[in-house]
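Dear colleague,

Please find below the structure I agreed to pass on to you. My notes on the ligand and its surroundings follow it.

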Amino acid sequence: MKRGLLIIMSGPSGVGKGTLRQMIMENKELNLYFSVSLTTRLPRAGEQDGVDYYFVSEEKFKEDLANGNLLESNYFVSHYYGTPKDKTEEMRNKGVNVLLEIDVNGARQVMDNCGEDDKPLSFFILPPSLEALEARIRGRRSEPEDVIQERLSKAKREMSESVHYTHSVVNDNLDVAAEEIISFIKKEIDKEL
Ligand code: 5GP
C-alpha cells in the first residue's frame with residue numbers, strides 16, 4: 001500500500017487557516033486525517049478538546065517532548081504547541097493523507113527532518129494584505145492588545161518564510177483558496193498512483 005502524504009498548512013494567525021482546513025477536510029476524495037495538535041493554551045469559545053487541539057498542561061507537554069513523542073514543537077505567544085508523532089505515522093502507514101496545521105518553525109523542523117523522497121506537500125496561506133490580516137485578528141475580539149501586537153509582528157516575520165513552501169495561496173476568497181489547495185492535493189495524489 002502507498003504511504004499517505006504529509007501535508008503542511010501554515011500561515012499567519014488570523015489568515016483563515018482554520019476555516020480553510022475545515023473546508024478541505026470536508027472533501028472526502030482527499031482521504032485526509034487532520035492531525036490534532038497538543039497545546040498548553042486555553043480553549044477559545046467553541047473549541048473542543050480532541051477536535052481542535054488536545055488541551056494539555058505544561059507538565060504533560062514537556063513529558064511528551066522529553067519522551068520523543070512529538071514530530072515537531074514550538075513555543076508561540078507564551079504557549080507550547082506540538083504534533084503527536086505516533087498518530088501521524090499510523091495514519092500514513094494506513095495510506096491516509098495527513099494534514100498538519102502548524103506554524104513556520106514547526107514546518108521547518110518537519111521539512112528539515114524528512115528524507116529526500118518523503119518531502120511534504122506544503123501550503124503557505126497569505127492574507128490579501130497586512131491591513132486585512134489586522135482587521136481579522138481584531139475582529140476575533142478574543143485577545144488583549146499586547147497579544148494582538150505579538151501575533152501581528154510574528155505574522156510579518158512568518159510571511160517571509162513562505163518561500164520554503166511548495167505552494168503559496170492567497171486567501172482573498174475562501175472558496176477560491178480552498179479549491180486551489182484541493183486541486184494541488186489531488187494532483188499530488190494522482191502522481192502517487
Ligand atoms: P492558535 O493559538 O491561533 O490556535 O495557533 C497559533 C499558531 O500555532 C498558529 O500559527 C498555528 O498554526 C500554530 N500551531 C498549531 N498547532 C501547532 C503544532 O502542533 N505545532 C506548531 N509548530 N504550531 C502549531
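**Ligand site and largest pocket**

Two strands, β5 (70–76) and β6 (79–84), each contribute at least two residues to the shell around the ligand. Please bear in mind that the model is predicted.

The ligand is surrounded by 16 residues, of which Ser37, Arg41, Tyr53, Glu72 and Tyr81 come nearest. By class, this shell consists of seven charged, five polar and four nonpolar residues.

Several polar side chains approach the ligand. In Glu72, a side-chain N or O atom is 2.7 Å from a nitrogen atom of the ligand. Oxygen atoms of the ligand are approached as well: a polar side-chain atom of Thr83 lies 3.4 Å from one oxygen atom, and a polar side-chain atom of Arg151 lies 3.2 Å from an oxygen atom. The ligand taken alone exposes 510 Å², and the protein buries 96% of that area.

As to its location, the ligand sits in the largest pocket. This pocket holds about 830 Å³ of space. Its lining comprises 34 residues, and Lys17, Arg41, Arg44, Tyr53 and Glu101 are the closest to the pocket centre. Arg41 and Tyr53 thus appear both among the residues that come nearest to the ligand and among those closest to the centre of the pocket.

The elements that each supply at least two residues of the pocket lining include α1 (17–25), β5, α5 (130–139) and α6 (145–159). Of these, α1 gives the most, with five residues. The lining has 13 charged, 13 polar and eight nonpolar residues.

With kind regards

Technical notes
Residues are numbered from 1 along each chain as its sequence is written. This is a predicted model: local features need pLDDT of at least 70, side-chain atom pairs count only at pLDDT 80 or more; totals for chains, interfaces and linings use all residues. Side-chain values use heavy atoms; hydrogens and water are left out. A residue is near a molecule or strand if one of its heavy atoms lies within 4 Å of it. A polar contact is a pair of N or O atoms within 3.5 Å; within protein, one must be able to donate a hydrogen and the other to accept it, and residues adjacent in sequence count only if both atoms are side-chain atoms. Accessible areas come from the Shrake-Rupley method with a 1.4 Å probe; for residues, only the protein chains shown count as cover. On a 1 Å grid over the protein atoms alone, a cavity is a set of points where a 1.4 Å probe fits but cannot get out, and a pocket is an open set with protein on both sides within 12 Å along at least five of seven lines; lining residues have an atom within 4 Å of a point. A molecule sits in a cavity or pocket if more than half of its atoms lie within 2 Å of its grid points. Helices (H or I, at least four residues) and strands (E, at least two) are DSSP runs, numbered from the N terminus. Ala, Val, Leu, Ile, Met, Phe, Trp, Tyr, Cys and Pro count as nonpolar, Asp, Glu, Lys and Arg as charged, and the others, Gly among them, as polar. Grid points are joined across faces, edges and corners, and a volume is the space filled by probe spheres set on the points.
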